[in-house]
Amino acid sequence: MTEVLSIEAPGEVRLIEEKLPDLPEGGFMVATTHSGVSAGTELTYVKGTNPYLGASWDPALGLFRDGEPSVSYPVRGIGYMQVGLVVETRTRAVREGSLVAMCYGHRTAYVADPMSDRFVELPDDLDPILGIYVAHMGPICANGLLHAAHDLHGPAVRHLGDGVRGRRVAVVGAGVVGLLTACFALSGGAAEVVVVDETPERLEIAAALGADTMAADEDPAVDLKRRWRHGPGDRGADVVFQCRGQTRALALGLRLLRPQGTLVDLAFYTEGAQEVRLGEEFHHNGLTVRCAQIGRVPRGLAHAWDRERLSHETIGLLRERGRLLRERVITDLVGFADAPDFLTGLAARRLQTVQAVLCDHVEDEGG
């Protein structure tokens, strides 16, 4: 049996038991050691705001359309930051006893098929809890850097840092996506990285990771543009990474850019874009917005920059900055049994977290 996190209805979360399928020839079974919580995407299902709940996604046309919703309650197996211990294997693709990063949702065990389930074996020198970032979250952020590199070099991108090296970078939002993206930019050789957020505690984390910081509620665009001068009438960030799912954050990101600069948007907006003012900085400074959604890399780079390479770049970042990320970004360790109350508390804003991780043995993790 496996325990699976199930969102029964908006505001109603519980653990249910499911029978695991038989282990097929060529498959393997994992016991979950760590399962990272996305306090953005996952909470849209707890709150009932995810667009898949109200419309049908047509993948052929790339459109949301009226009709039967693509997702309905109960929603089970959400989550995309899992680390599992291989406890049984019937394939030479992975060894028993290996730790693997995967995306199979919040569940205590899983039977995988290497032909359909993507997995990344974790190196021995990596803290297992940091493996939550290897399969999906890290590649999301790395893909943002890749879009910035493509914006500058087109298909001639050679290194993930090609779009930030020697440049002045602003990151809007100090959640997990923003913090990891800032770390990628720092590791990629950015001349300066400034993280902008409304929460002093999150700015403290960004500063501990090596970034400069500015408070979002003090109109940082004026101060930043006074600080970053490129020439007469040319001030502001070379590139902005927008990592917060609030339209006011997108509006702020546009204000931070130099003329003809690019904003790489990694955020997920669920409530429209009423606060984005396209007649002001966007129009008068000739700005560009590029959506870096993990479903695709920039045009012309898919052959060289697949998900495996983005995971490899993530492992490199975690080896370089893992100690600080473990100490400062992973803020909550939660037992699986407490996960329903924890998620409903986050959705209702009774609780706050940066990165929460579900695990069976919280005491063993020092929590």
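A salt bridge is a side-chain nitrogen of Lys or Arg within 4 Å of a carboxyl oxygen of Asp or Glu. With that in hand, let's walk through this predicted model, starting with its charged pairs.

**Salt bridges**

A search of the whole structure turns up 21 salt bridges. A good one to begin with is E192 with R227, where the closest N and O atoms are 2.6 Å apart. This pair links distant parts of the chain: E192 belongs to strand β12 (residues 192-197) and R227 to helix α5, 35 residues apart. E192 is partly exposed, with a relative accessible area of 23%, and R227 is also partly exposed, at 36%. Both residues belong to one network, in which salt bridges that share partners join R168, E192, D212 and R227.

Here are three of the pairs side by side.

| Pair | Closest N to O distance |
|---|---|
| E192 and R227 | 2.6 Å |
| R165 and D162 | 3.1 Å |
| R321 and E320 | 3.5 Å |

In the R165 pair, the two partners fall into separate accessibility classes: R165 is partly exposed at 44%, whereas D162 is buried at 12%. As for R321, its relative accessibility of 16% counts as buried.

**Cysteines**

If you are wondering about disulfides, the structure holds zero of them. C243 is in no disulfide, and the nearest cysteine sulfur, that of C141, lies 6.7 Å away. A disulfide needs two cysteine sulfur atoms within 2.5 Å, so this pair does not qualify. C243 is buried, with a relative accessible area of 12%.

What about C359? Its sulfur is 18 Å from the closest cysteine sulfur, in C103, and therefore too far for a bond. C359 is buried too, at 1% relative accessibility.

**Backbone points worth a look**

Most residues other than glycine have a negative phi, and most peptide bonds are trans. Against that background, a few places in this chain deserve attention.

The peptide bond from Y73 to P74 is cis, with omega near 0°. P74 sits in the loop between β5 (63-65) and β6 (75-76).

D219 is not a glycine, yet has a positive phi of about 45°. You will find D219 in the loop between β13 (212-215) and α5 (220-227), where it is partly exposed with a relative accessible area of 32%.

Q260 likewise has a positive phi, about 60°, without being a glycine. Q260 is placed in strand β17 (residues 257-265). Is Q260 buried or exposed? With a relative accessible area of 68%, Q260 is exposed.

Terms used: Residues numbered from 1 in each chain as written. Predicted model: local features only at pLDDT ≥ 70, side-chain atom pairs only at ≥ 80, totals over all residues. Heavy atoms only, no water. Buried < 20%, exposed > 50% of the residue type's maximum accessible area, 1.4 Å probe, protein only. Helix = DSSP H or I, 4+ residues; strand = E, 2+ residues; numbered from the N terminus.
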